[in-house]
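Please read the sequence and the structure below side by side. The paragraphs after them go through a few regions in turn.

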Amino acid sequence: ADLKEFLRGGDHTMSGAMDVDKDKALLGEAATKLKVDEDPENEGEWMKLADLRYRIVSAKKSADKEADLKEFLRIVEKFDAIAVYEALCTAGGAKRDAGLVKKLTESRDKRLKEVEDAVETAKELEGDMEVREGLMCKAQILARSAEQAVAVKAYDEAMSLPKTTSGQKLDIEFNLMRVGLFWGDIPFLDKHVQAAHVLVDNGGDWERRNRLKVYEATYLLCIRDFKKAASLLLESISTFTAVELYDYPKFVFYTVVCATVALDRKTVRERVIHAPEILQVIGDDITLETMMNSLYNCNYRDFFVSLVDVVVDKLSMDRFLAPHSRYFLRHARVGAYTQYLESYHTVALPSMAQTFGVSVDFLDRELSDLVACGRLSCKVDKVGGVIESNRPDTRNALYQQTIKTGDNLLNRIQKLSRVITI
């Protein structure tokens, strides 16, 4: 009898050991399936889909449109990016391939089913950390393959989990900002830039603070705030790590473009032209380098030629800057005219036209328009063929403004003294 009881106990022990081994196997399988893709280069490659889509459907013909489409389809298959493929086909950029859509959908759904099953296993056998990892993995899959609203809902589910730290919330905000940038949703992007600022101010680390500067600068490019964008980009030159958005050469391109129209000549020389980080990269882009240096060196003919090349070949094909290419072209020319006229009280119209490499008629029309709208301080004498520069007296203007402000302050104090009883 004792021997039988002992054998029964042994059976229970062996059964318990088998259950433990089974649970460990399930946990190991779940952990493998819940792995989030943390490679920033993969994320950057997915973000590249938005750039390629814009170039393919752009009204301006890209020289490498067929190569762009081939690269687009390669990345689509890599990430099962069904939604952006459907968007491209709807916009007329490619003919819809039903077989490809079916293949991508099946691959995406299979991966989602594995992750959802692994999340359920984690809820039963593990803790909050593993569940959060699973929800983040699910959200990443949906962000890369589904529409914006579906991805946002998935990230909101991860954000709503209990015991979510400020660092984890900030990482989710970065993901949401990338989703907004990918689909070009500017109001959505603005909302989450502000939310990220609140989290960073409440204890964000150094690395996340620097990444947020790049994200915010990219948002500012989209809303044409080049001055503030230039400031944030220059602050991030030596600490750039946001390769999930774009690579360093494109970051330098945005920095130089913003600095050209937003910063004064002295600041450009100190922080852009002589910046070692920019000098290491800009040599690979001769047109951009020529535009940057020729304006500073007062080679206005070269500046105008390189400016047109940059706008036509680069800005017009960039999804963030293309809507502002005409604005940039105009403001860059205004900056060049202003810099040139600062050195003269009177200059002959043909001489200035020759310096800039344009016709006299074109220069006369352009300067007349700029003077009429208050962008240039000069007078154009078409009969005499000269331009008279009216350099503003900044010191006198500052003095007059100070006097006016002081008078307003005294008037307010006098009004206040009449109602205060001592």
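What follows is a walk through a predicted model, from a small sheet to a pocket and then to two buried residues.

The sheet comes first. It is open and has 3 strands in the order β1-β3-β2, paired in the antiparallel sense. The edges are taken by β1 (346–348) and β2 (378–381); each has a single partner strand, so one side of each is left without a neighbour in the sheet. From one strand to the next, the twist averages 20°.

The two pairings can be followed strand by strand. Between β1 and β3 (residues 386–389) there are 3 bridges, in the antiparallel sense, and T346 stands opposite E388 in β3. Helix α18 (residues 349–356) packs on this sheet and touches β1 and β3. The direction of α18 makes about 75° with that of β1. On the other pairing, β2 and β3 are joined over 4 bridges, again antiparallel, with V380 opposite I387 in β3. These two strands, β2 and β3, form a hairpin with 4 residues between them. In the turn, G385 has a positive phi of about 70°.

Which side chains of β3 are buried, and which are not? In a regular strand the side chains alternate between the two faces of the sheet. Strand β3 shows such an alternation: I387 and S389 point to one face and are buried, whereas V386 and E388 point to the other and are not.

The next region is a pocket. The second largest pocket has a volume of about 640 Å³. Its lining is made up of 23 residues, and V36, E38, M136, D171 and N175 lie nearest its centre. Four helices, α2 (40–57), α6 (128–145), α8 (166–183) and α10 (206–222), each supply at least two residues of that lining.

One of these helices, α8, also holds V179. Is V179 buried or exposed? Its relative accessibility is 2%, and because buried means under 20%, V179 counts as buried. Leaving aside neighbours within four places in sequence, V179 is in contact with A143, Q148 and Y155. The C-alpha atoms of V179 and R144 are separated by 8.7 Å, although the two residues are 35 residues apart along the chain.

The last stop is E244, which is in the loop between α11 (226–235) and α12 (248–262). With a relative accessible area of 5%, E244 is buried as well. Which side chains make polar contacts with the side chain of E244? One is that of R211, joined to E244 by a polar contact of 3.0 Å. Another is that of Y215, where the polar contact is 2.7 Å. Beyond the neighbours within four places in sequence, E244 is in contact with P40, E43, G44, M47, R178, R211 and Y215.

Terms used. Residues are numbered from 1 along each chain as its sequence is written. This is a predicted model: local features need pLDDT of at least 70, side-chain atom pairs count only at pLDDT 80 or more; totals for chains, interfaces and linings use all residues. Side-chain values use heavy atoms; hydrogens and water are left out. Buried means under 20% relative accessible area, exposed over 50%, partly exposed in between (1.4 Å probe, protein chains only). A polar contact is a pair of N or O atoms within 3.5 Å; within protein, one must be able to donate a hydrogen and the other to accept it, and residues adjacent in sequence count only if both atoms are side-chain atoms. Contact means heavy atoms within 4.5 Å. Two strands pair if DSSP finds at least two bridges between them. Axes are lines fitted to C-alpha atoms, for helices over the stretch in contact, and angles run from 0 to 180 degrees between N-to-C directions. On a 1 Å grid over the protein atoms alone, a cavity is a set of points where a 1.4 Å probe fits but cannot get out, and a pocket is an open set with protein on both sides within 12 Å along at least five of seven lines; lining residues have an atom within 4 Å of a point. Grid points are joined across faces, edges and corners, and a volume is the space filled by probe spheres set on the points.
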